[in-house]
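This briefing covers selected local features of the structure shown below. The points are grouped by topic.

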Amino acid sequence: MALLLWPSLILIAGYFYIKIFGNHHEGWQPFYALTLLLSGFWGIHLVLKVIDHKGDQLLLPMAATLTSLGLIFLFRLDPDLAYRQIIWTILGILVLVVVTVSLRDYHRLGRFPHLFLSLGLLSLLITVIAGTRIGGAKSWLTLGSFQMQPVEVVKVFMVIYLAGYLNEKRELLVQGVGRPVWGPLIAATTVAILLLVMQRDLGSALILLVTFLAMLYLATGKWHFIAAGGVLFFLGALIAYIVFPYLRARIDIWLNPWEDYAGSGYQIVQSLITLGSGGIFGTGLGLGYSLIIPAVATDFIFVTMGEEMGLLGSIGIVIIYLLFALRGFKVAMKVKEEYGVLLTGGFTALITFQAFIIMAGVTKLLPLTGVTLPFVSYGGSSLVISYLILGLLLNVSESVRR
Amino acid sequence: MKKEIRRLTFVTIIFFSILIIYLTYIQGIIGNKLYLNSLNPRLALVEQETKRGIIYDRNGKVLADNVLVGDRFERQYPYGPSTALVVGYLSDRFGSSGLEANYKEELLGLTGWQRVRNTLRRLTEKPVQGNNLALTIDADLQRLSTNLLGERRGAVVALDPRTGEVLALASSPNFDPNKLEQEWSWINSPKAGSPLLNRATQGLYPAGSIMKIITATMALEEDLNISDYEFYCSGFIEINGRRLTCPRPHGEVNFNEAMMYSCNVTFANLALKFGVDKFKETAEHYGFGKKIEFDLPLKKSQATTNKMNANALAESAIGQGPVLVTPLQMAMVVGSLAMDGVMMQPYLVKNITNPEGKLIWKARPRPYQIVTRKDVAQKIKEAMIATVNEGTATAAALPNIKVAAKTGSAQNPHGKAHAWLIAFAPAEDPEIAVAVIVENGGSGGVAAAPIARQVMAAALRR
């Protein structure tokens, strides 16, 4: 747990940065914020020690490092957002504590897969009907002054459902696609993805599909299911490309953003220029110019990091996510029973592929789909749910040692 | 399930490795290019906080400088319209062009470690100054060339064939970079005739008879004795039922006479005799169809297309049909003949000095290509001297100096023929090579030759 020193050092460095360069924010003392976060992260450590939780030792420090870096860059972009994000971080930490304390026997999740499915689909349906459109995607629910993105929690529900269902019906599924057990599985996933596409939340739809295919592969061990899924996805995407003009526009922007550099291609063109301006060593914290990019604090925060920490910094971020994936899959390797393997594999794929899709999207390696960078981007729903997932991963990893 | 997890891990590693490699490409390899992209708003900030480098001509005359207007620096161009298409312009509203755009990395002091040093200076609020450029252009010759074109559309290129230094690169119409904001709407009106277009490097014209230089090279390389043969011109030849004509039947002509009177029939016959492959090869040696590096964007000249039948070959041989060339390309062609077959790499920037005056980069003349053998070049040179003495290019002659030249009148769909002249002087020991085009000027010997003569005279008087 000495690894928690790294996020602590990052936070302390950030504190001094704010002290020296920051414009002060009314009602908030940077020192209190620092104390709060430090005690938060070390507090989890303490709680885990006290309850004798034997979960994985690396996942939490990696997540804390990402969040700490994210907070510093958020502060640099917009102190208001950073302070709000601190509250979300504390909330995330609390959720993590609750999950690790009360859900240590994660098998309890497996008892009602259909409950989670119903809850997930219901919240998506509500969003489709009554959702608010923010930044292209109609994926927000507004309750008074409170806004949340149900999709974040839906992804968790779907993984829990899939792990339960796949675990239960494994033997039958392996026997072939003709079996009736495939029906509910395909139907549930298709409905969820379609509801996401209707919200124009293509990024989440893609992540859900990738996670589904990864879990299906883990459960059945048959790569041709994945290949078939990939082909179906490709066909679906092709049809969608023809049917939905907004999707076509997205793909065209991806293929050549420079054609309309002042209009639809602006975001990605400026993103590439920003990354290029960072070069290898970066401009240094606060010296970049990425504020001109729309959604820089949420979807595009990786670009700010790339500019101000340079290629070395952006590769560092990528490597942290890769290590997170390796660690998560390593836990899955060691878990003795299959439900735990599916749960860990699914959550690890969910987090790392979401990170991959947005990092590849803002750099034009893949078409851009607006999703958050887990543990880093500004956004309460995303951050809290990321810590919830982390808690579940810790719980499964504990069963390895018990 | 262990096997499946291992494979999933493997796939994840591959995906993330691709991302890392791609990021290295974006930030490490093309990062600087992206940074210098004109769409980068960071450059406008750098621009505000940096005193741009000064641009000088070859003799130290100032072509672009910063003048304090109120509390900020403004760019001024003492030679105005005459250097506008080489030096370019700089404007808050309309960006930049020419060398101002292509060399902004140097002019703003953003190269390599200098960028780091200047960023630190900016942070500590010390003044930052870019590097100065010294060009190969002779400001007076440049101005003379521009004035000689006057109201007519066209271009003049003057090179030192020994080094490849561009002494003048004039294009008309042009604009006054000091009054860009006021003139912008006029500049972009259709009537203005595209004054932002540098016709010397971006204009693609049919070459007309000056292309016969390439045809002659091809023929002499195959058979040097051709210079002693007699040809017969009946005024036309018929190829696949289509006629290619001369203005009048030249009758019996030898090689020099065919060049002097620019006999289409003879050169079309020579091209047909030695074939399309040889023609293509010769044109490639002269740089046609190749991307040639230059300090300003340079269009690719072409001599042939992919499908070449006998008619197209005969037309290419006299500079019509698929032939499209830039004036700079033709100046390089004539310059290589002046140098007995060695084509020099053309360049515009002679050296770069830092704000303290220390030399940080210096251009080195280097050959671009050996285009042909010395004996072939000599034969063509003799024919070009004869063309000035008693052929179509008498108007390019200089007193007491031997000049070699070739005229062209390029047919085009927009009216009167484009008048061409390419020349070099002194013929025995060349110091200057020129290419002149006057759009729709008619006969090359009438419209283009006097301009070339005056440019060469002025250059040799220096």
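Helix 14 of chain B, residues 310-317, is mostly covered in this predicted model. Six of the eight residues in this helix are buried. The buried residues are B:Asn311, B:Ala312, B:Leu313, B:Ala314, B:Ser316 and B:Ala317.

**Surroundings and ends of helix 14, chain B**

- The cover over the buried residues of helix 14 includes two helices of chain B, helix 11 (212-222) and helix 13 (264-285).
- Strand 12 (236-239) and strand 13 (242-245) of chain B are also among the elements that cover these residues.
- At the N-terminal end, B:Asn309 acts as the cap of helix 14, with a side-chain oxygen 3.2 Å from the backbone nitrogen of B:Asn311.
- After helix 14 of chain B comes B:Gly319, which has a positive phi, near 80°.

**A buried glutamine in chain B**

- B:Gln142 lies in helix 8 of chain B, which spans residues 139-149.
- B:Gln142 counts as buried because its relative accessibility is 1%, and the cut-off for buried is under 20%.
- Leaving out residues up to four places away in sequence, B:Gln142 is in contact with B:Ser82, B:Thr83, B:Val86, B:Ile137, B:Leu167, B:Ala168, B:Leu169 and B:Ala170.

**Nonpolar cores**

- The largest nonpolar core has 143 residues, and the members that touch the most others are A:Leu185, A:Leu343, A:Phe347 and A:Met359.
- Beyond residues up to four places away in sequence, A:Phe347 touches A:Val156, A:Val159, A:Ile160, A:Ile389, A:Leu392 and A:Leu393.
- A second core, separate from this one, holds 93 residues, including B:Val86, B:Val253, B:Ile292 and B:Ala377.
- B:Val86, a member of the second core, is also one of the contacts of B:Gln142.

**A nonpolar surface patch in chain A**

- In soluble globular proteins, nonpolar side chains tend to be buried together.
- A:Val231, A:Leu232, A:Phe234, A:Leu235, A:Leu238, A:Ile239, A:Ile242, A:Val243 and A:Phe244 instead form a nonpolar patch on the surface.
- Together, the residues of this patch have about 900 Å² of accessible area.
- A:Ile242, one of the patch residues, is located in helix 9 of chain A, residues 223-243.
- A:Ile242 counts as exposed because its relative accessible area is 60%, and the cut-off for exposed is over 50%.

**A loop position in chain A**

- A:Asp105 sits in the loop that joins helix 4 (79-102) to helix 5 (113-130) of chain A.
- With a relative accessible area of 33%, A:Asp105 is partly exposed.
- A:Asp105 and A:Val396 are 291 residues apart along the chain, yet their C-alpha atoms are separated by 8.2 Å.

Technical notes
Residues are numbered from 1 along each chain as its sequence is written. Chains are lettered from A and ligands numbered from 1 in the order in which they are written. This is a predicted model: local features need pLDDT of at least 70, side-chain atom pairs count only at pLDDT 80 or more; totals for chains, interfaces and linings use all residues. Side-chain values use heavy atoms; hydrogens and water are left out. Patches are made of residues with over 30% relative accessible area and no salt bridge: like charges are joined within 9 Å, nonpolar side chains (Val, Leu, Ile, Met, Phe, Trp, Tyr) within 5 Å. Accessible areas come from the Shrake-Rupley method with a 1.4 Å probe; for residues, only the protein chains shown count as cover. A salt bridge is a side-chain nitrogen of Lys or Arg within 4 Å of a carboxyl oxygen of Asp or Glu. Helices (H or I, at least four residues) and strands (E, at least two) are DSSP runs, numbered from the N terminus. Buried means under 20% relative accessible area, exposed over 50%, partly exposed in between (1.4 Å probe, protein chains only). A nonpolar core is a set of buried Ala, Val, Leu, Ile, Met, Phe, Trp, Tyr and Cys residues joined through side-chain atoms within 4.5 Å. Contact means heavy atoms within 4.5 Å. A polar contact is a pair of N or O atoms within 3.5 Å; within protein, one must be able to donate a hydrogen and the other to accept it, and residues adjacent in sequence count only if both atoms are side-chain atoms.
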